[in-house]
Amino acid sequence: MRTKSKNSDPREAAFEAQVLTRDLSGYPIAVVRDVCEEWPLRGGEEGKWFPAWSELREQCERRMQPRRALRKALQWVADGSPENAL
């Protein structure tokens, strides 16, 4: 269900939406919103109006990199590592 299909009936489409929602729930809502709002503005990949899961995941992961780096740095400070580094 993570691949796009041109001919899906309403039940398949609903299941696809369920799977996509579950997959996206692993990301902060701000990241998902930004990715979903930007997709149609830039025309998507090759003008596709709706991204595949792999395309969404790639964009979400790209937006998560700064957040993960900040979290890692904050955890480093919280663990007292700067004092230990001297």
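Me: Which way does α2 cross α3, right-handed or left-handed?
Reply: In this predicted model, α2 passes α3 in a right-handed crossing.

Me: And what angle do they pack at, and how far apart are the axes?
Reply: Helix α2, residues 29–41, and helix α3, residues 53–78, pack at an angle of about 130°, and their axes lie 9 Å apart. The two helices are therefore oblique to each other.

Me: Which residues meet there?
Reply: From α2 the contact includes A30, V31, D34, V35, C36, E38 and W39, and these meet E55, L56, Q59, C60, R62, R63, M64 and R67 in α3. By type, the residues of this contact divide into 8 nonpolar, 1 polar and 6 charged.

Me: Switching topic, what's in the largest nonpolar core?
Reply: That core has 10 residues, namely L20, L24, Y27, V31, V32, V35, W53, L56, C60 and M64. Helices α1 (10–24), α2 and α3 each supply at least two residues of the core, and α3 gives the most, with 4 residues.

Me: What does M64 touch, leaving out residues up to four places away in sequence?
Reply: With those neighbours set aside, M64 touches Y27, P28 and V31; of these, Y27 and V31 also belong to the largest nonpolar core, as does M64.

Me: Then R67, which helix is that in, and why does it count as partly exposed?
Reply: R67 is found in helix α3, and R67 counts as partly exposed because its relative accessibility is 39%, which falls between the 20% limit for buried and the 50% limit for exposed. Not counting residues up to four places away in sequence, R67 touches P28, A30 and V31.

Definitions and conventions: Residues are numbered from 1 along each chain as its sequence is written. This is a predicted model: local features need pLDDT of at least 70, side-chain atom pairs count only at pLDDT 80 or more; totals for chains, interfaces and linings use all residues. Side-chain values use heavy atoms; hydrogens and water are left out. Axes are lines fitted to C-alpha atoms, for helices over the stretch in contact, and angles run from 0 to 180 degrees between N-to-C directions. Angles under 35 degrees count as roughly parallel, over 145 as roughly antiparallel, 65 to 115 as roughly perpendicular and the rest as oblique. A crossing is left-handed if the near helix is turned anticlockwise from the far one by less than a right angle, and right-handed if clockwise. Contact means heavy atoms within 4.5 Å. Ala, Val, Leu, Ile, Met, Phe, Trp, Tyr, Cys and Pro count as nonpolar, Asp, Glu, Lys and Arg as charged, and the others, Gly among them, as polar. A nonpolar core is a set of buried Ala, Val, Leu, Ile, Met, Phe, Trp, Tyr and Cys residues joined through side-chain atoms within 4.5 Å. Buried means under 20% relative accessible area, exposed over 50%, partly exposed in between (1.4 Å probe, protein chains only).
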